[in-house]
Structure formats: structure tokens, C-alpha cells
Amino acid sequence: MVSRVHKRTGFHRNLQHLRSITKSHALFKTSVILDASEYIRSLKKKLQESDELAVCSSSVQNFIDHGPMPMLKVEAQEDGFMIRVLSQRNCKGLLVFILEAFEELGLQVLQARVSCVDAFSLEAMGIKEHNEGDDDDGHMDAQVVEQVMSKAIKNWRELPKQ
């Protein structure tokens with residue numbers, strides 16, 4: 001008889017503990033168990049969402065945080081373009097993308113000053129290369145140059161970590 005009472009009090013204690021964990025206000029044993037199973041499902045869902053968020057954040061961490069976008073300024077000059085790119089950070093690898101943009105535009109660098117140590121600073125004078133086979137008049141708009149340079153900076157920002 002003692003063992004039966006002991007089992008009952010142990011079961012009742014466990015049921016009360018389950019109620020407190022699941023925050024169930026049910027009066028019947030089966031209702032408490034149903035509340036507990038719902039609680040477990042909600043915990044599983046939260047865990048799954050947390051795992052998905054962790055996967056997303058780890059894939060985001062594979063990209064370099066370059067901070068704010070480098071400042072770009074393109075000015076049309078008499079015989080070419082003055083291009084200035086400034087950033088508070090050193091912007092590792094950005095110079096390569098900018099030089100590729102010069103090549104894509106067909107601009108020849110006449111003069112350039114670049115610093116990549118603590119901050120990134122580029123000031124370059126570029127003119128349109130004149131090839132004998134060109135049919136166009138050699139005219140290029142500063143807005144086109146700015147768009148291509150902006151695209152180069154954007155492509156650099158989207159580079160994954162090596």
C-alpha cells in the first residue's frame with residue numbers, strides 16, 4: 001500500500017512539474033500532456049528557426065564587411081576625367097577592380113596617386129584611348145564613367161572572404 005501512495009505522489013509531483021514548465025492551466029492529466037506536446041512542438045520550431053538563422057548568418061560572415069561604401073567622384077576635364085575614390089578603410093583589392101574598370105572603359109591613366117595603407121585614396125586622371133579602328137567620335141560622358149566605376153566598387157564589395 002505504501003508503494004501505491006508513493007507512486008501517486010511521485011506522479012502528482014511530476015505532473016505539477018510538467019504544468020509549471022509548459023505553463024499549462026489544464027485540470028486533467030491528458031490535457032496537461034497535450035499542452036506539453038504543443039509546448040515541445042513550439043520549442044522544436046524555435047530551434048529550427050534558430051538553426052536556419054545561424055546558417056544564414058554564417059553565410060553572411062563569409063563576406064568581408066567593408067563598412068560604408070567608398071566615396072566616388074568623377075569630374076569631366078578638358079581632355080579626360082578626374083576620378084577620385086576615398087574610403088576610411090584600406091579596401092584591400094579595390095585598386096584591382098578600379099583598374100579593370102579603366103580598362104573596360106578604354107581609359108588610359110595619365111597620372112595617378114593611390115594610398116592603400118590605413119585608408120583608401122585614389123586620384124587618377126584618365127583619357128580615352130584612341131585606336132585607329134574606332135568608328136565613334138571618342139566622346140564619353142562622365143556619368144558613364146561614374147556608373148562603370150560604381151559597378152566596380154559594388155563588385156569588389158560582393159567579394160567573398162578568401
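Biologist: Arg89 is found in the loop between β2 and α3, and I would like to start reading this predicted model from there. Is Arg89 buried, partly exposed or exposed?

Modeller: A residue counts as partly exposed when its relative accessible area lies between the 20% and 50% cut-offs, and Arg89, at 40% relative accessibility, therefore counts as partly exposed. Cys91 has its place in the loop between β2 and α3 as well, but Cys91 is buried, with a relative accessible area of 5%. The backbone of Cys91 also deserves a look, since its phi is positive, at about 55°, although the residue is not a glycine.

Biologist: How far apart are Arg89 and Cys116, in sequence and in space?

Modeller: They are separated by 27 residues in sequence, and the distance from C-alpha to C-alpha is 8.4 Å. Cys116 itself is partly exposed, with a relative accessible area of 35%.

Biologist: With two cysteines now named, how many disulfides does the model contain?

Modeller: The test is a pair of cysteine sulfur atoms within 2.5 Å, and by that rule the count comes to zero. For Cys91, which is in no disulfide, the nearest cysteine sulfur is that of Cys116, at 8.2 Å. Read from the other end, Cys116 is likewise in no disulfide, and its nearest cysteine sulfur is that of Cys91.

Biologist: Before I go further into the fold, where is confidence lowest and where is it highest?

Modeller: The mean pLDDT of the protein chain is 79, with 81% of its residues at 70 or more. By element, helix α2 (residues 29-60) has the lowest confidence, with a mean of 72, whereas strand β2 (residues 81-87) has the highest, at 93. Over residues 58-64 the pLDDT falls below 50, and this stretch has 11 contacts in the model beyond near neighbours in sequence.

Biologist: Turning to the sheet, what is the order of its strands?

Modeller: It is an open sheet of four strands, in the order β1-β2-β4-β3, with antiparallel pairing. The edges are taken by β1 (71-76) and β3 (107-115), each of which has a single partner strand, so one side of each is left without a neighbour in the sheet. From one strand to the next the twist averages 15°.

Biologist: How many bridges join β1 to β2, and how many join β2 to β4?

Modeller: There are six bridges between β1 and β2, which run antiparallel, and a hairpin of four residues connects these two strands; within this pair, Glu75 stands opposite Met82 in β2. Between β2 and β4, also antiparallel, there are seven bridges, and Ile83 has Ala124 in β4 as its bridge partner. When you follow such a strand, keep in mind that side chains in a regular strand alternate between the two faces of the sheet. As for its surroundings, five of the seven residues of β2 are buried, so this strand is largely enclosed by the rest of the structure.

Biologist: Which residues stand opposite Ile127 and Ser121 in β4?

Modeller: Gln108 stands opposite Ile127, and Ser115 stands opposite Ser121. Both positions help in tracing the pairing of β3 with strand β4 (residues 120-128), which is antiparallel and extends over eight bridges, while a hairpin of four residues joins β3 to β4.

Biologist: Which strands does helix α3 lie across, and which does helix α4 touch?

Modeller: Helix α3 (residues 94-105) lies across β2, β3 and β4, and runs at about 10° to β4. Helix α4 (residues 142-157) packs on the sheet and touches β1, β2 and β3, its direction making about 155° with that of β1.

Biologist: At what angle do α3 and α4 pack, and how far apart are their axes?

Modeller: The general idea is that two packed helices are described by the angle between their axes and the distance between the axes. Here α3 and α4 pack at about 145°, with 9 Å between their axes, and α3 passes α4 in a right-handed crossing. On the α3 side, the residues that meet α4 include Leu94, Phe97, Ile98 and Phe102, and on the α4 side their counterparts include Val144, Val148, Met149, Ile153 and Trp156.

Terms used: Residues numbered from 1 in each chain as written. Predicted model: local features only at pLDDT ≥ 70, side-chain atom pairs only at ≥ 80, totals over all residues. Heavy atoms only, no water. pLDDT = per-residue confidence, 0-100. Contact = heavy atoms within 4.5 Å. Buried < 20%, exposed > 50% of the residue type's maximum accessible area, 1.4 Å probe, protein only. Pairing = 2+ DSSP bridges. Axes fitted to C-alpha atoms, helices over the stretch in contact; angles between N-to-C directions. Left-handed = near helix turned anticlockwise from the far one by under 90°.
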